[in-house]
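Visitor: I am new to this structure and would like to be taken through it. Please show it to me before I ask anything.

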Amino acid sequence: MSNEHTPEFDLVVRHGHILTMNAARAAFPDGFLGIKDGRITAVEDDRECLRYQTAHEIDATGCAVLPGMINAHTHLAMTLFRGMADDVALEEFVSRLTTEEANVLTPDTVRRGAASAAAESMLAGTAAALDMYWFSEATVAASADYGLRVVSGPTFANFANPDPRSFAETLRDAEEQLAGFPAGDPAAPALMPHSTYALTRKQLEEVAGLARRHGCRVHVHAGESKREVAEVRRLHGATPIQVLDQTGLLGPKTVIAHAVELDDGDIETLAATRTSVAHCPWSNLKLACGVAPVGELLEAGVTVALGTDGAVSSNGLDVWSAVKLVATLHKGVSGDPALITAEQAIDMATVHGARALGLAGELGTLEVGKRATLQVVDLSRPHFEGCRDVWSALAYSARPSDVRDVIVDGVQRVSSGALVGK
Ligand SMILES: [Zn+2]
């Protein structure tokens, strides 16, 4: 910075170990990050001779500074039902949940459930989420109050659910809503066909047609369990991934949740269509669904982001647990201790997440011009003692409660581990 021009910032974060997560993996062990108008305007080595003006300053000595986590698959308002279906199989889980949902869910209860989920997410450093649930507008609004950016939109399913609209009505409303956004606008609603077992081929094709016309994102459950794959084969005569491919639902704007049960052809199809996967290891283990072939997916070049799934299947919404699990589980299953390194796991929770949500130009890395959306993680606590590597500290030792500060679009939402202004 030159002496003639003193830069002005709204907020400065100094002396943290900044992990930019950019393509070159630039890191600044004693870093300086400047924010103006919600965007990052400086990220560099801190030097005592720096001259600048700022309204606020955060001292991040002893902390890591990294992008906010992105939760690539969740049902936020399911916090209303946490602990309601533990230690049962997926089918029993779904039956208990859908009964309860029919009794309880209204836009108002969804708003309450989502508000508490947004608080939980924000305190754990999560800045954005891809959410599939009924009354999605209530979730988006309640989450925004806490700074949590939610990509969501109408869910389509033929099973009994709290949304009184028919498939055709939901489709028509979605078309009307999408008409208010320019094609491909990342702020536009996403379309959420629940799964290939919950819709007919014709319905899946209609959702695909609408998504194509408006260039919007699509989020769908697929390949969660062996039983699902058998059911879809019975209904549609193909695997869930094949059905999605045949009905035009796969592509670079589509995110598949789970993808546990895939055959080799399915992995090739996901790679060829540049479809992203939201891997939810905690939910998959708890519901005894199995382990997604994440090593093979990454090897094939598929974007694999991390999700928590809803609080009924995972009982918690922190992406940190998914990071720790993804960096250990696949080693154990494959016998390869080098599979999914600590750094790759953090990458999946940030860079891959932003790509999956269509927000890679805005989030997922700390670079000049991007939204100032980041977390400050306190690495000075006893359980980090002796740690020699920042990636190792974050992936293997960190806990969600180590998130000290969270900034979203330049606004501090968490300070010293507490929600700001809540
Ligand atoms: Zn789910």
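Visitor: Which residues of α2 are buried?

Guide: This is a predicted model, in which local features need pLDDT of at least 70 and side-chain atom pairs count only at pLDDT 80 or more, while totals for chains, interfaces and linings use all residues. Residues are numbered from 1 along each chain as its sequence is written, and side-chain values use heavy atoms, with hydrogens and water left out. Helices (H or I, at least four residues) and strands (E, at least two) are DSSP runs, numbered from the N terminus; buried means under 20% relative accessible area, exposed over 50%, partly exposed in between (1.4 Å probe, protein chains only). The buried residues of α2 are T109, V110, G113, A114, A115, A117, A118, A119, S121 and M122.

Visitor: What covers the buried residues of α2?

Guide: Contact here means heavy atoms within 4.5 Å. The cover includes the helices α1 (90-104) and α3 (136-144). It also includes the strands β7 (126-131), β16 (403-408), β17 (411-415) and β18 (418-419).

Visitor: Where does the largest nonpolar core lie?

Guide: A nonpolar core is a set of buried Ala, Val, Leu, Ile, Met, Phe, Trp, Tyr and Cys residues joined through side-chain atoms within 4.5 Å. Of the 99 residues in the largest one, L191, I256, L270, V323, I346 and L394 touch the most other members. Its largest share, seven residues, comes from α2. Domain bounds come from an automatic or database domain assignment; because both domains give residues to this core, it lies between domain 1 (8-67 + 364-419) and domain 2 (69-356).

Visitor: How many residues are in the other core?

Guide: This other core lies apart from the largest one. I35, V65, L374 and I407 are among its members, and it has 17 residues.

Visitor: Which strands stand at the edges of the open sheet of four strands?

Guide: Two strands pair if DSSP finds at least two bridges between them. The order is β11-β12-β13-β14, with parallel pairing. Each edge strand has a single partner, so one side of it is left without a neighbour in the sheet; these strands are β11 (218-222) and β14 (304-306).

Visitor: Which residue stands opposite I256 in β13?

Guide: Strand β12 (residues 254-258) runs parallel to strand β13 (residues 276-279), and three bridges join them. I256 is also one of the residues that touch the most other members of the largest core. Its opposite in β13 is V277.

Visitor: Is M21 buried or exposed?

Guide: M21 is found in the loop between β1 (8-19) and β2 (27-36). Its phi is positive, about 65°, although M21 is not a glycine. Most residues other than glycine have a negative phi. Because its relative accessibility is 3%, M21 counts as buried.

Visitor: What is the relative accessible area of I340?

Guide: I340 is found in the loop between α11 and α12 (342-349). I340 is not a glycine, yet its phi is positive, near 60°. It is buried, with a relative accessible area of 1%.

Visitor: Which residues are in contact with V390, leaving aside its neighbours within four places in sequence?

Guide: V390 is found in helix α14 (residues 390-397). V390 counts as buried because its relative accessibility is 13%. With those neighbours within four places left aside, the contacts of V390 are H17, L19, A64 and L379.
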